[in-house]
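Please read the following account with the sequence and the coordinates side by side, moving from one to the other as each part is introduced.

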Amino acid sequence: AQELLIKSEKLSIAGELAAGIAHEIRNPITSVKGFLQLMQSSNFEKQIYYDIMSSEITRIEQILSELLMLAKPQAVHFARKDVMVLIRDVVTLLGPQATLNNVQIITDLKTELTQIMCEENQIKQVCINFIKNAIDAMPDGGNLTIQLISSKTQELIIRFIDEGNGIPDELISKLGQPFYTTKEKGTGLGFMVSKRIVENHQGTVNICSEVGKGTTIEVKLPN
Ligand code: ADP
């Protein structure tokens, strides 16, 4: 009965996702189709049509690549990795985007124990998602502090502390739901995928947010 319960729960998540995916992907495809027809029947605005179609296709790609993160990874290589090094790599990667948005990323190391057993690329993806969200939350710039702490029980805690617009209490529960986004170009998948990855590592994700002040995303991972 327990197994059945888990199975039906999985099925309902799959159903919820399937409906969302169908909807999210049908919109850009309908738009591309419409512009293809327009291109066939007129000689004007080809550049504009091209730009719109290309951004709609990018959107489909983005949705699919985030969904693929949810699918069972082909090969899961759990290995002991230094999260500090990993974060440094991600910060280097996202540095230009942060600078462009007047966001300063500060890393605050409060522990010597920064190694954990993990699937490196997945934890990188989690950090990328949370850092990007923090940057997006600060349209006028600000500081993003990434704290690394170890808990009394030897878990590694990573905190992403932004000074952004914050999330109203009633919307916090929506973050884990697929396709919930407040961004024009958002997919509403990043948070859900990140949470699943952390949970697959037997970890947890906590949100603490105040509207107008900022958000702290706390990731706890077993050592
Ligand atoms: P996306 O970034 O594509 O919208 P996510 O699932 O990562 O998808 O996030 C869903 C929504 O949660 C965002 O659109 C935003 O409204 C909100 N959110 C996530 N992180 C933050 C943050 N650090 N500060 C404010 N809002 C956030």
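The paragraphs below take up the sheet, the helices against it, a separate strand pair, the nonpolar core and the ligand.

The model is a predicted one, and its sheet is a convenient place to begin. Five strands make up this open sheet, following the order 2-4-5-7-6 with mixed pairing. Its edges are formed by strand 2 (103–109) and strand 6 (204–210), each of which pairs on one side only. On average, and with direction ignored, neighbouring strands of the sheet are turned by 15° against each other. Within it, strand 5 (residues 156–162) is joined to strand 7 (residues 214–221) by six bridges in the antiparallel sense, and in this pairing Leu-156 is placed opposite Leu-221 of strand 7.

Helix 3 (residues 83–100) packs on the sheet, where it touches strand 2, strand 4 (142–150) and strand 5, and its direction makes about 170° with that of strand 2. Helix 4 lies across strand 2, strand 4, strand 5 and strand 7, and runs at about 20° to strand 5.

Another pairing links strand 1 (residues 78–82) with strand 3, the two running antiparallel and being joined by five bridges; here Asp-82 has Gln-115 of strand 3 as its bridge partner. In a regular strand, side chains alternate between the two faces of the sheet. Strand 3 (residues 115–119) has Ile-116 and Cys-118 on its covered face, whereas Gln-115, Met-117 and Glu-119 belong to the uncovered one.

Which residues of the largest nonpolar core touch the most other members? They are Cys-127, Ile-131, Ala-134 and Leu-144, in a core of 33 residues. At least two core residues come from each of helix 3, strand 2, strand 3, helix 4, strand 4, strand 5, helix 6 and strand 7, and helix 4 gives the most, with seven residues. Leaving aside residues up to four places away in sequence, Leu-144 touches Val-103, Ile-105, Ile-131, Ala-134, Ile-135, Phe-160 and Asp-162. In soluble globular proteins, nonpolar side chains tend to be buried together.

The ligand, finally, is surrounded by 22 residues, the closest being Ala-137, Thr-181, Gly-186, Gly-190 and Phe-191. Helix 4 (120–136) and helix 6 (190–200) each contribute at least two residues to this shell, and each of these helices also supplies at least two residues of the largest nonpolar core. By residue class, the shell around the ligand divides into eight nonpolar, twelve polar and two charged residues.

Technical notes
Residues numbered from 1 in each chain as written. Predicted model: local features only at pLDDT ≥ 70, side-chain atom pairs only at ≥ 80, totals over all residues. Near = placed C-beta within 6 Å. Helix = DSSP H or I, 4+ residues; strand = E, 2+ residues; numbered from the N terminus. Nonpolar A, V, L, I, M, F, W, Y, C, P; charged D, E, K, R; others polar. Pairing = 2+ DSSP bridges. Axes fitted to C-alpha atoms, helices over the stretch in contact; angles between N-to-C directions. Contact = placed C-beta atoms within 7 Å. Buried ≥ 20, exposed ≤ 12 C-beta atoms within 10 Å, placed from the backbone. Core = buried A, V, L, I, M, F, W, Y, C linked by C-beta atoms within 7 Å.
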